[in-house]
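I sat down with this one and a fresh notebook page. Here is what I looked up, in the order I got curious about it.

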Amino acid sequence: MDQNKIPQATAKRLPLYYRFLNNLNQQGKNRVSSKELSEAVKVDSATIRRDFSYFGALGKKGYGYNVEYLLGFFRSTLDQNEITEVALIGVGNLGTAFLNYNFMKNNNIRITIAFDADTEKVGKDIGGIPVHHIDELDEKLNDIKVAILTVPAAEADIITNKLVEKGISGILNFTPARITVPKHIRVHHIDLAVELQALVYFLKHYSLDN
Ligand code: ATP
């Protein structure tokens with residue numbers, strides 16, 4: 001099926017579904033109801049049904065969905081057979097944590113290279129990943145298309161420009177800076193401080209009961 005036809009909101013939920021179905025499969029389960037799925041991934045069942053209908057998985061009443069069929073679809077759609085290499089720029093506290101964590105529970109994404117401007121860090125291996133000088137980005141990035149940005153906010157734009165010049169496709173931006181990129185490049189912005197503040201604000205001002 002043509003992946004481009006899946007709405008973006010649906011595509012974003014695929015990894016969530018995939019992880020849960022993979023667990024079910026490992027437990028030897030062959031089918032799952034939309035209610036069960038809904039409770040596990042916290043997406044309402046109408047949305048799940050609509051999402052699944054995009055890839056031709058129509059649940060049967062009283063049976064639910066076939067786990068293997070769905071997994072087969074997700075594997076090819078999410079390129080589970082292919083490892084996506086990711087570069088990390090900025091090996092500070094957050095960057096170091098990512099290198100050590102390195103998405104080991106996820107079998108299709110790996111940070112394989114890191115860059116920093118600090119000569120104390122350059123040449124080291126952190127979490128088994130080599131740290132190169134940022135000036136070597138040009139020669140060392142090769143055909144890596146995804147980058148995680150964990151540099152200080154003031155450096156975000158300049159690094160982004162370098163990545164764009166090198167032909168990056170996607171940037172996961174953990175700096176508070178709002179970076180600008182050409183239209184064909186995708187940026188996802190995660191500001192942990194803002195997220196945490198928003199959570200605390202909601203806890204203070206809104207009750208979950210109403
Ligand atoms: P964090 O913000 O991840 O907690 P930190 O507080 O340890 O990190 P920051 O000052 O935010 O440190 O810098 C993050 C990392 O980015 C540091 O390792 C720093 O050396 C690196 N860095 C700073 N400027 C650049 C640059 N232009 N290119 C690459 N790396 C840089």
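**Entry 1: the whole chain**

What percentage of the 210 residues in the protein do buried residues make up? I get 37%. I note at the top of the page that I am working with a predicted model. For the overall dimensions, I took the C-alpha atoms along the principal axes, and they fill a box of roughly 60 × 45 × 35 Å. The secondary structure comes to eight helices and nine strands.

I then checked how the protein is divided, and found domain 1 at 3–77 and domain 2 at 84–194. Taken over C-alpha atoms, the centres of the two domains are separated by 31 Å.

**Entry 2: salt bridges**

How many salt bridges does a search of the whole structure find? I count four, and I wrote up three pairs here, beginning with Arg 13 and Asp 51. A reminder to myself: side chains of opposite charge can pair when their charged atoms come close.

The side chains of Arg 13 and Asp 51 meet at 2.6 Å, N to O. This pair links distant parts of the chain, with Arg 13 in helix 1 (residues 8–26) and Asp 51 in helix 3 (residues 45–54), 38 residues apart. I looked up the accessibility too, and both Arg 13 and Asp 51 are buried.

Next I turned to Glu 39 and Lys 35, whose closest N and O atoms are 3.5 Å apart in their salt bridge. Why are Glu 39 and Lys 35 separated by about one helical turn? Because they are four residues apart in helix 2 (residues 34–41). Both Glu 39 and Lys 35 are exposed.

My last pair is Lys 29 with Glu 36, a salt bridge at 3.9 Å, N to O. With a relative accessible area of 37%, Lys 29 is partly exposed. Glu 36 has 30% relative accessibility, so it counts as partly exposed as well.

**Entry 3: Arg 31**

I stopped at Arg 31, which lies in strand 1 (residues 31–32). Its relative accessible area is 43%, so Arg 31 is partly exposed. I also compared its position with Thr 10: the two are 21 residues apart in sequence and 21 Å apart in space, C-alpha to C-alpha.

**Entry 4: positive phi**

I went looking for backbone angles worth a note, since most residues other than glycine have a negative phi. Lys 42 has a positive value, with phi near 60 degrees. Where does Lys 42 lie? I find it in the loop between helix 2 and helix 3. Its relative accessibility is 72%, so Lys 42 counts as exposed.

Asn 102 also has a positive phi, near 40 degrees. This residue is found in the loop between helix 5 (93–101) and strand 4 (109–116). Is Asn 102 buried or exposed? At 4% relative accessibility, Asn 102 counts as buried, because the cut-off for that is under 20%.

**Entry 5: around the ligand**

How many residues surround the ligand? I have 16, and the closest are Asn 93, Leu 94, Asp 116, Lys 121 and Glu 155. I followed up three of these for their N and O atoms:

- A polar side-chain atom of Lys 121 is 2.7 Å from an oxygen atom of the ligand.
- Glu 155 has an N or O atom in its side chain that lies 3.0 Å from a nitrogen atom of the ligand.
- For Asn 93 the backbone is involved, with an N or O atom 3.1 Å from an oxygen atom of the ligand.

On its own, the ligand has 620 Å² of accessible area, and the protein covers 68% of that.

**Entry 6: a nonpolar patch**

Which residues make the nonpolar surface patch of about 330 Å²? I noted Leu 196, Leu 199 and Leu 203. I looked at Leu 203 in more detail, and it lies in helix 8 (residues 192–205). With 63% relative accessibility, Leu 203 counts as exposed, because the cut-off for that is over 50%.

Definitions and conventions. Residues numbered from 1 in each chain as written. Predicted model: local features only at pLDDT ≥ 70, side-chain atom pairs only at ≥ 80, totals over all residues. Heavy atoms only, no water. Patch = residues over 30% accessible without salt bridge, like charges linked within 9 Å, V, L, I, M, F, W, Y side chains within 5 Å. Areas by Shrake-Rupley, 256 points an atom, 1.4 Å probe, with all protein chains shown as cover. Helix = DSSP H or I, 4+ residues; strand = E, 2+ residues; numbered from the N terminus. Buried < 20%, exposed > 50% of the residue type's maximum accessible area, 1.4 Å probe, protein only. Near = heavy atom within 4 Å. Polar contact = N/O pair within 3.5 Å; in protein donor to acceptor, adjacent residues only side chain to side chain. Domains from an automatic or database assignment.
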